[in-house]
Amino acid sequence: MANYCVPEKGKAALLCISAQRDFVAQGSPVRACGWPSALPNIGRLVDCFRAQQAPIYHSVRLYKADGSNVDACRRQAVEEGLRILMPGTLGAELIDDLKPNKDVRLDPETLFAGDFQEIGSHEYVHYRPRWGAFHNTGLEDKLRAQRITTLVICGFSFSTGGRASVYEASARDFRIVLVPDALCNATEEAVQELGRMGIYLMDTVNCLAWMAGAGPSSVEAA
């Protein structure tokens with residue numbers, strides 16, 4: 001029987017959720033739990049996909065100062081002066097360690113228009129207006145055009161953007177690899193719950209080996 005959930009490494013893209021400076025900044029109200037241990041592993045995954053010229057998608061949030069595009073749970077705080085993920089600020093930028101070039105800056109105009117900002121070979125940034133990477137974005141069309149069937153998901157923060165993106169990807173029949181040690185705010189219980197959806201779990205070491213050509217023994221269902 002066909003297994004429609006088994007990841008296909010030759011058709012995989014990396015989806016990195018909200019790897020932005022405000023999520024690691026000292027004193028930031030949205031500082032991610034566990035980022036010091038997750039960030040090096042995210043970097044290793046990004047380097048691996050770059051080396052193999054496999055697609056990388058950085059999915060980012062940007063909050064307008066008037067709160068007009070902010071989630072309902074944070075909108076009032078932004079309207080009253082909370083300044084996080086503001087377009088054009090350093091806090092909204094990708095974390096330097098994950099950039100293909102230290103000089104790369106986000107282009108809010110391009111991102112708000114729904115376009116993908118190409119920041120390197122096969123490497124893109126896109127803006128998502130809500131938690132999930134597919135909600136009102138062109139991500140699915142972009143992946144289909146590249147014949148991507150499998151998403152390797154990492155980044156910040158699993159409890160919001162990460163989990164929502166997993167559900168959205170699954171609803172669109174993408175094969176999914178989740179890398180728990182390259183995620184922030186991911187509890188073991190929450191990750192294990194995804195098994196019924198056919199999500200595969202790999203730690204960073206196994207994911208790198210799998211991408212390099214290791215056999216299916218490196219792949220384990222959640």
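**Exercise 1. Which residue in β5 is the bridge partner of C16?**

The model used here is predicted, with local features needing pLDDT of at least 70 and side-chain atom pairs counting only at pLDDT 80 or more, while totals for chains, interfaces and linings use all residues. Residues are numbered from 1 along each chain as its sequence is written, and side-chain values use heavy atoms, with hydrogens and water left out.

Solution. Step 1: locate the strands, which are DSSP runs of E with at least two residues, numbered from the N terminus, just as helices are runs of H or I with at least four. Strand β1 covers residues 12-17, and strand β5 covers residues 150-155. Step 2: check the pairing, for which DSSP must find at least two bridges between two strands; β1 and β5 pair in the parallel sense over six bridges. Step 3: read off the partner of C16, which is C154 in β5.

**Exercise 2. Decide whether C154 is in a disulfide, and describe how covered C154 and β1 are.**

Solution. Step 1: a disulfide is a covalent bond between the sulfur atoms of two cysteines, and here the cut-off is a pair of cysteine sulfur atoms within 2.5 Å. Step 2: searching the whole structure gives zero disulfides. For C154, the nearest cysteine sulfur is that of C16, 4.0 Å away. Step 3: C154 has a relative accessible area of 0% and is buried, where buried means under 20%, exposed over 50% and partly exposed in between, with a 1.4 Å probe and protein chains only. Step 4: in β1, six of six residues are buried, with A12, L14 and C16 on one side and A13, L15 and I17 on the other.

**Exercise 3. Describe the ring pair formed by Y57 and Y124, and explain what the pair ties together.**

Solution. Step 1: rings of Phe, Tyr and Trp (its six-membered ring) pair if their centres lie within 6.5 Å, and planes under 30 degrees apart count as stacked, over 60 as edge-to-face and the rest as tilted. Step 2: this rule yields five aromatic pairs. In the pair of Y57 and Y124, the centres are 5.1 Å apart with 20° between the planes, and the pair is stacked. Step 3: Y57 lies in strand β2 (residues 56-60) and Y124 in strand β4 (residues 123-127), so the pair ties together parts that are 67 residues apart in sequence. Step 4: add the surroundings, in which both Y57 and Y124 are buried, and Y57, F116 and Y124 form one aromatic cluster.
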